[in-house]
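Work through the exercises below with the sequence and the structure at hand. Each task is followed by a solution in steps.

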Amino acid sequence: MGITIEKVSKAFGDFAAIKDVQLEIPSGDFIALLGPSGSGKTTLLRLIAGLESLDSGKILFNDIDYSNKTVKERKVGFVFQHYALFKHMTIFENIAFGLKVRPFKLRPSNQEIKERVYSLLKFVQLEHMADRYPSQLSGGQKQRIALARALAVEPEVLLLDEPFGALDAKVRQELRHWLREIHEKLNITTIFVTHDQEEALEMADTIVVMNQGQIEQIGSPDEVYHHPVNAFVYRFLGRVNEFIDSENEVTYIRPHEVVLRKSAQGNSVPAKVLHVHSVGSLVRIQLNRLDTNALFEAEVNTEKYQEIGPLKKGDLLYATFSNLVAFGNEQKEALTAIL
Amino acid sequence: MVKKIKPQRVLPGFGLSMGYTIIYLSLIILIPITVLFLKASTLSLSDIWQTVTDDRVVASYKLTFYSSFVAAVVNAVFGTLIAWVLVKYQFPGKKIIDALVDLPFALPTAVAGIALTTIYAPNGWIGQLFEPMGVRIAFTPIGIMIALTFIGLPFVVRTVQPVLQDFDRQYEEAASTLGANSIQIFFKIILPTLFPAILTGFALAFARALGEYGSVVFISGNMPMKTEIVPLLIVTKLEQFDYAGAAAIASVMLIFSFILLFAINFWQWRISKKHQVA
């Protein structure tokens, strides 16, 4: 199902959570709403689900105005960050809930419900859990059951609010792949909210970067990462070094784009090592520019590190910043606002 | 050698705190109750049987349990409603209503009894409205139930309120995205979550009502076989210096109450165990 969001605004008291947002989501897309907390991404998701009411604008599902439809009528699958499994029901009853609350005429027979629940349990690979209660499951299992429950009602849109936010790093990694696979199999329009740029880059077909209730950029992971339209998007999508030159112009470079050498070359800049720490296959080096005294970070792989290292505090290196990016001065205000 | 490190506890030593618990319970509950049974046993078995199966006594058992049960059910329903209003809505005077709920705890029960009798008597403010319809409230079992409802009100409200306060909206939202309507959300999601708390409040209100004396004696009219409650019969026996007879009636009452409360607690334990395991 395709979704059109037309000039939608929503305020909570004096706080404008969503300001005049315009967004077109094609059917079958896998889309990430990415932004810092307070950027309005969760509010936008809840507006689509009908869990919040619009102040102005329209939300269309397949070109039909759904703005005034109730949550129940929208037939969306919604997955909550903290699972929201019904604690007093078994896993089976949780998944069957959406089918059992249907009006009598539309309700499948008990046998059909049973078959459907078991096929979903099989789909999320937790068949043996049917008779357990949610409190007996791990976080990752709970989230898989929450997804099975949302899918039981055969929604045409799947909405996920920070679905992996409460899980530990390893489980999160597994579930990302798994969710991606599920989307490929079912091919329903899927929208998920996240503040983790890695998660968005890894999973989504389209990323919508949000800030202060507005959309900053819409594009594929490649587009938003390599061609950010402004400083906010650039900063939010990865680690970043920021330099201010004598004319007060701000330029940026990602740590992995900084080239370090042991000897001066071309327009390289001398820098002193402040701190070295290795993170798995990467080594991050904090340095101090000797010309402007600015601090910056460089990221090299272990091979490269062996070429220039081993390094210790106080060592002198030469850094080349060949890919400096500038967005012009008009972006600076927005930038200081988030700092 | 590995030395075993004892896990740190907040209170010192299991032995000390358990010993204190047992002594405390003995002095306050166990010894007085034992003495009660001992006093009753000074009568011969046939005397005990005769005392406790006397028609007037049996009628009072029935009345006490029946009216206490009705009062506790009424409190379970309307106490839950009051807790709902206090948690879910914002309105002026909410703090005052919240404080009013505790009043039955603070008010001397005799005062409550006299006040209730005054307004529910056939010529009282409310009583006179029902009199033309042929409904008498004071000096009938209905009056007893009203008094017992009054004194049991805080229990259900105060047990349900915190549970309702902690109830996360996301469960209601999840149910609505799955297509449930508000009635289904209330009965399938909210009520089952509140049920253990309602049951606890019900048990407390029921237990309180079984032993209530002060407020009931004024509104009941104390007519033998009709509106006499068990505590009144016990006091009557005491006034006639029939201590053993009073103890025998009290013992039967105690056993019944204990069985009932135990059953309710067991039921409550079963429900909460189901979905609260760590």
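The angle between α3(B) and α8(B) falls into the oblique class. The first exercise shows how this is reached. The model used throughout is a predicted one.

**Exercise 1. Classify the packing of α3(B) and α8(B), and describe their contact.**

Step 1. Locate the two helices: in chain B, α3 covers residues 55-88 and α8 covers residues 141-166.

Step 2. Take the geometry. The helices pack at an angle of about 40°, and their axes are 5 Å apart.

Step 3. Apply the cut-offs. Angles under 35 degrees count as roughly parallel and those from 65 to 115 as roughly perpendicular. An angle of about 40° fits neither class, so α3(B) and α8(B) are oblique to each other.

Step 4. Add the handedness: α3(B) and α8(B) cross in a right-handed manner.

Step 5. Sort the contact residues. Between α3(B) and α8(B) there are 20 nonpolar residues, nine polar ones and no charged ones.

**Exercise 2. Do the same for α9(B) and α10(B).**

Step 1. Helix α9 of chain B spans residues 169-177, and helix α10 of chain B spans residues 182-210.

Step 2. Their axes come within 10 Å and cross at roughly 135°.

Step 3. Angles over 145 degrees would count as roughly antiparallel. At roughly 135°, α9(B) and α10(B) are therefore oblique.

Step 4. The crossing of α9(B) with α10(B) is right-handed.

**Exercise 3. Describe the secondary structure of chain B and relate it to the UniProt record.**

Step 1. Count the elements: chain B has 13 helices and zero strands. Read from the N terminus, its elements are α throughout.

Step 2. Consult the record. An unreviewed UniProt entry gives "transmembrane region" for residues 21-45, 65-87, 99-121, 133-157, 185-207 and 243-267 of chain B.

Step 3. Check two of these stretches in the model. Residues 65-87 of chain B are 100% helix and 0% strand, with the end C-alpha atoms 32 Å apart. Residues 185-207 of chain B are also 100% helix and 0% strand, and there the end C-alpha atoms are 31 Å apart.

**Exercise 4. Give the dimensions and the buried share of each chain.**

Step 1. For chain A, the C-alpha trace spans about 80 × 45 × 30 Å along its principal axes. Of its 339 residues, 52% are buried.

Step 2. For chain B, the C-alpha atoms fill a box of roughly 70 × 65 × 30 Å. Buried residues account for 40% of its 278 residues.

**Exercise 5. How is chain A divided into domains, and what distance separates their centres?**

Step 1. Chain A contains 11 helices and 18 strands.

Step 2. Domain 1 of chain A covers 3-233, and domain 2 covers 241-326.

Step 3. Taken over C-alpha atoms, the centres of domain 1 and domain 2 of chain A are 40 Å apart.

**Exercise 6. Are A:Leu120 and B:Phe218 buried or partly exposed?**

Step 1. A:Leu120 lies in helix α4 of chain A, residues 110-123. B:Phe218 lies in helix α11 of chain B, residues 214-220.

Step 2. Buried means under 20% relative accessible area, and exposed means over 50%. A:Leu120 has 6%, so A:Leu120 is buried. B:Phe218 has 37%, so B:Phe218 is partly exposed.

Step 3. Compare sequence and space. The C-alpha atoms of B:Phe218 and B:Phe139 are separated by 8.3 Å, with their positions 79 residues apart along the chain. A:Leu120 and A:Tyr83 are 37 residues apart along the chain, and their C-alpha atoms are separated by 17 Å.

Note on methods
Residues are numbered from 1 along each chain as its sequence is written. Chains are lettered from A and ligands numbered from 1 in the order in which they are written. This is a predicted model: local features need pLDDT of at least 70, side-chain atom pairs count only at pLDDT 80 or more; totals for chains, interfaces and linings use all residues. Side-chain values use heavy atoms; hydrogens and water are left out. Axes are lines fitted to C-alpha atoms, for helices over the stretch in contact, and angles run from 0 to 180 degrees between N-to-C directions. Helices (H or I, at least four residues) and strands (E, at least two) are DSSP runs, numbered from the N terminus. A crossing is left-handed if the near helix is turned anticlockwise from the far one by less than a right angle, and right-handed if clockwise. Ala, Val, Leu, Ile, Met, Phe, Trp, Tyr, Cys and Pro count as nonpolar, Asp, Glu, Lys and Arg as charged, and the others, Gly among them, as polar. Domain bounds come from an automatic or database domain assignment. UniProt positions are given in the numbering used here, feature names are shortened, and annotations may be inferred rather than shown by experiment. Buried means under 20% relative accessible area, exposed over 50%, partly exposed in between (1.4 Å probe, protein chains only).
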